[in-house]
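Me: I should like to learn how to read a protein model, feature by feature. Where would you begin?

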Amino acid sequence: MEDEKKAKDELQLKEEIIRALKEVYDPEIPVDIYELGLIYEINIYPVNNVHVLMTLTSPSCPAAESIPSDAEMRIREIEGINDVVIELTFDPPYTTEMMSETAKLELGFM
């Protein structure tokens with residue numbers, strides 16, 4: 001029973017993290033970073049420590065510092081979050097195939 005509650009709490013927290021990430025935008029693209037496919041992994045470790053593995057549209061992205069710090073700030077605003085680590089990776093490299101259908105529609109790729 002307790003494992004079920006823990007799984008439900010973790011799922012609910014993950015949904016809140018996704019909502020927070022959907023408030024972060026690349027300043028040059030009118031689509032949030034989650035729908036763009038920039039988020040590779042969201043891991044929640046004991047006592048609500050959050051690790052997000054993400055990428056940017058390119059290694060030379062002008063918003064390379066602001067996007068990860070905005071994502072971290074939004075996640076930290078969620079009640080009950082203990083710590084947040086945002087890790088940037090460029091492996092695998094970002095492609096437009098990683099975008100959600102919503103993002104592709106918004107940007108005219110469909």
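**Reading the model step by step**

Reply: The place of Thr102 is in helix H4. Please keep in mind that the model is predicted. One may start from a single residue such as this and ask where it sits, how accessible it is and what lies around it. Thr102 has a relative accessible area of 48% and is partly exposed. Its C-alpha atom is separated by 7.0 Å from that of Glu35, although the two residues are 67 residues apart along the chain.

Me: How many helices and strands are there in the chain?

Reply: The chain contains 4 helices and 3 strands. Following the sequence, one meets them in the pattern α-α-β-β-α-β-α.

Me: What do the overall dimensions tell me about the chain?

Reply: One compares the radius of gyration with the value for a compact globule. For 110 residues that value would be near 13 Å, and the chain has 15 Å, which agrees. The C-alpha trace spans about 45 × 30 × 25 Å along its principal axes.

Me: What share of the residues counts as buried, and what is the accessible surface of the chain?

Reply: A residue counts as buried when its relative accessible area is under 20%. Of the 110 residues, 35% count as buried. The accessible surface comes to about 6,900 Å², and 50% of this belongs to carbon and sulfur atoms.

Me: How many side chains are positive and how many are negative?

Reply: The chain has 9 positive and 24 negative side chains. The centres of these two sets lie 6 Å apart.

Me: Which residues have the most contacts inside the largest nonpolar core?

Reply: That core has 29 residues, and those with the most contacts inside it are Ile17, Leu21, Ile33, Met54, Ile67 and Ile75. Two or more residues each come from helix H1 (2-21), helix H2 (33-36), strand S1 (39-45), strand S2 (49-54), helix H3 (66-76) and strand S3 (83-88). H1 gives the most, with 5 residues.

Me: May we examine one core residue? Is Ile75 buried or exposed?

Reply: Ile75 lies in helix H3, and it is buried, with a relative accessible area of 0%. To read its surroundings, one leaves aside neighbours within four places in sequence. Ile75 is then in contact with Ile17, Ala20, Leu21, Val50, Val52, Ile81, Val84 and Ile86. Its C-alpha atom is 24 Å from that of Ser60, with their positions 15 residues apart along the chain.

Me: What does Ile67 touch, not counting residues up to four places away in sequence?

Reply: Ile67 touches Val24, Tyr25, Asp26, Pro27, Ile33, Met54, Leu56 and Cys61. One of these partners, Tyr25, is found in the loop between H1 and H2. At 42% relative accessibility, Tyr25 counts as partly exposed. Beyond its neighbours within four places, Tyr25 is in contact with Pro30, Val31, Asp32, Ile33 and Ile67. The C-alpha atoms of Tyr25 and Ala63, 38 residues apart along the chain, are separated by 9.7 Å.

Me: How does one judge whether contacts join distant parts of the sequence?

Reply: One looks at the separation in sequence of the residues in contact. In this chain, residues 24 or more positions apart account for 59% of the contacts with a separation of 6 or more. Distances between C-alpha atoms may be read in a similar spirit. Pro59 and Phe90 are 31 residues apart in sequence and 7.2 Å apart in space, C-alpha to C-alpha. Pro59 lies in the loop between S2 and H3, and it is exposed, with a relative accessible area of 62%.

Me: Which backbone angles deserve attention in the loops?

Reply: One may inspect phi and omega. Val47, in the loop between S1 and S2, has a positive phi near 65 degrees and is a residue other than glycine. Val47 is exposed, with a relative accessible area of 65%. Asn48, found in the loop between S1 and S2, is not a glycine either, and its phi is positive at about 60 degrees. Asn48 counts as partly exposed, at 30% relative accessibility.

Me: Which residues does a cis peptide bond join?

Reply: The bond joins Asp91 and Pro92, with omega about 5 degrees. Pro92 lies in the loop between S3 and helix H4 (101-106).

Conventions
Residues are numbered from 1 along each chain as its sequence is written. This is a predicted model: local features need pLDDT of at least 70, side-chain atom pairs count only at pLDDT 80 or more; totals for chains, interfaces and linings use all residues. Side-chain values use heavy atoms; hydrogens and water are left out. The radius of gyration is taken over C-alpha atoms; the globule rule is 2.2 Å times the number of residues to the power 0.38. Buried means under 20% relative accessible area, exposed over 50%, partly exposed in between (1.4 Å probe, protein chains only). Contact means heavy atoms within 4.5 Å. Accessible areas come from the Shrake-Rupley method with a 1.4 Å probe; for residues, only the protein chains shown count as cover. Lys and Arg count as positive and Asp and Glu as negative; His and the chain ends are not counted. The place of a charge is taken as NZ of Lys, CZ of Arg, CG of Asp or CD of Glu. A nonpolar core is a set of buried Ala, Val, Leu, Ile, Met, Phe, Trp, Tyr and Cys residues joined through side-chain atoms within 4.5 Å.
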